[in-house]
Amino acid sequence: MLTVADLLNNPFVTLFAVIALGLWVGSFRLRGISLGSAGVLFTALLAGHLRSVLPRSLSPENSHAISVPSSVTDLGLVLFVYAVGLQAGPRFVTMFRGRVKAYLTIGLGSIGSAALTAVLLGHLLHLSPSITAGLFTGALTNTPALASGRDIAQRLDKTTAAEVSVGHGLAYPFSAIFVVVLVQLLPSLLRQPPSEAAEAAAQEARLLQPPLHRRQFRITNPNVTGRTVADFHASGLSRATISRIKRDGVVYAASPDMELALHDVVMAVGPEEELEKLTAILGDPADDVSMYDMGGRVASETLVVSAQHAVGRQLGDLLAGDFSDVIVTRVRRQGIELVPERSLVLEPADALRVVGHQEVVKRFAEYVGAEERRLSETSLLSFAAGICLGALLGMVPLPLFGGVHGKLGLGGGAFLVGLLLGHARRVGPFRVYVPQAAILFARELGLVVFLAGAGIEAGVRFAAVLHVAGLQTLFVGACVTIVASITAVMLAHFLFRWNALAVAGTFSGAMTNPPALNAATELAVSDAAPLAFSSIYPVAIIAKIVLVQCVFLAARMLQ
């Protein structure tokens, strides 16, 4: 017969019961504020505490009741950060390159101020170096830094090394919840509605990746007459693509061998600055002329690349031979609009806007999109290989100083590999393609699994550790969190003048707080927060791994 003890000792029942209850708790709103996924952490802490006081009559195997294996918790963390890396990878390089000084300033400024606060308060309140180092890592919710702090403590003071985990466990709950709440309050505090911030972010994105526009010109320059469309494109005078030509009242698809003539009206697609060049090259604007083909000779469709023989090929190679008359005017990849240059290598799920004769467009559609069902399938080989590489990278010792070595850990390694794979899209012969739906599912599942496991583990020791270490440790941890938070927000908003969503993502990344990122992404439909998070996250992880050891050494010197 199934008993209560059987349920309490089943880790899967525990895990998903905590997740379900935590998400339910997190869904409640008070004046527009909710815990969201952080509700799982709060529920898990309570469940962990219940485990420590559970009567033996309910669970003869009390040590296994209401528990989640650490390997399951680690898997959740890896899935979450790996998915975040894959999602942000396509835009990471452009974003980070444009703001590298800002991310370094915010990351090092906020984390450095937190380290200084931990050392000073730890010294004033006579806390051990190990407790101080643990409070620093917990207040900044960073597991790789915890591992680094434990490493240096075991090397220099084995008798108190366990106190690093104690300090971490005490500071972590307040920081995790405080940061999530503050992220949701940021739009009000910064007096910028999320919708307004999303529009500001979209404008910034357009500056980094200009959108494509469509304009029409009447040819009045005799110097271009007699030249074919292919010759014009090959000249490099403009990156705009000529898609249609209207001559004597008839609209034609701009096939490569078609010659340009005086008084032709041409339709071109490209970035605004490239279209501006065509006024001097071709002639006067003619946007009032209808380019609609009444005879049905010209077809215009959006095709999604899915066929294996099309993926990985350059666009110019694809538009040769039987498909030389197909004109591609736009390429959209993961929400980013790209200029259809002939050297562009096609990826799965690229959306091509094509123009041409109906029969040719139909055959081209069958050629590039014959295997569309594959777009809903995840390449588990590349997905698993990426996580494996991340785990290996996280194990590599990083030489610091004084013979001390740090590590990125599982989370840091998986995130960096996911970021690189998301940007590169392939490694040697292997192509990395993960559907957006799969990325979002892995991110959400990984997050709640990690929060449930970490919360239960911390909840078991929370009351006992608090009794031994005292309330002063909670005070120090809270101060470290608040100082780091205020510094990050002030620098991002007042020094660099970023919008509320970018501030929320940067702040979440500086605190390396996954639930905060989730709360930031729910503020508005925008990529601003995830992009900012992923840009500062590597800086934050490495800085915390190094500075936790500085905190330990400084606290030891001040004893």
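Select helix α6 (residues 129–139) and helix α8 (residues 163–189) in this predicted model. The two helices pack with their axes 6 Å apart, at an angle of about 30°. That angle is under 35 degrees, so α6 counts as roughly parallel to α8. Seen as a crossing, α6 passes α8 in a right-handed sense.

Next, show the side chains at this contact. From α6, pick S130, I131, G134, L135, T137, G138 and A139. From α8, pick E163, V164, V166, G167, H168, L170, A171, Y172 and S175. Coloured by class, the contact of α6 with α8 shows 8 nonpolar, 7 polar and 1 charged residues.

Now move to a second helix pair: α5 (residues 100–124) and α17 (residues 471–495). Their axes come within 8 Å and cross at roughly 155°. How do these two helices run relative to each other, parallel or antiparallel? The angle is over 145 degrees, and α5 and α17 are therefore roughly antiparallel. The crossing of α5 past α17 is right-handed.

Display the residues that make this contact. On α5 they are T105, I106, G109, S110, S113, A114, T117, A118 and L121. On α17 they are V476, C479, V480, V483, A484, T487, A488, L491, A492 and L495. By class, the α5 contact with α17 holds 13 nonpolar and 6 polar residues, with no charged residues.

From the helices, go to strand β2 (residues 241–247) and select T241, which lies in this strand. Is T241 buried or exposed? Its relative accessible area is 11%, which is under the 20% cut-off, so T241 is buried. To see what surrounds T241, leave aside its neighbours within four places in sequence and show its remaining contacts. These are H233, M267, A268, V269, I327, V328 and P340.

Finally, zoom out to the whole protein. Cartoon view gives 20 helices and 12 strands. Colour by burial: buried residues make up 52% of the 559 residues. T241 is one of the buried residues. Then switch on the surface, where the accessible area comes to about 24,800 Å². Carbon and sulfur atoms account for 62% of that area.

A last view is the contact map. Take contacts between residues at least 6 apart in sequence; 80% of them join residues at least 24 apart.

Methods: Residues numbered from 1 in each chain as written. Predicted model: local features only at pLDDT ≥ 70, side-chain atom pairs only at ≥ 80, totals over all residues. Heavy atoms only, no water. Helix = DSSP H or I, 4+ residues; strand = E, 2+ residues; numbered from the N terminus. Buried < 20%, exposed > 50% of the residue type's maximum accessible area, 1.4 Å probe, protein only. Contact = heavy atoms within 4.5 Å. Areas by Shrake-Rupley, 256 points an atom, 1.4 Å probe, with all protein chains shown as cover. Axes fitted to C-alpha atoms, helices over the stretch in contact; angles between N-to-C directions. Parallel < 35°, antiparallel > 145°, perpendicular 65-115°, else oblique. Left-handed = near helix turned anticlockwise from the far one by under 90°. Nonpolar A, V, L, I, M, F, W, Y, C, P; charged D, E, K, R; others polar.
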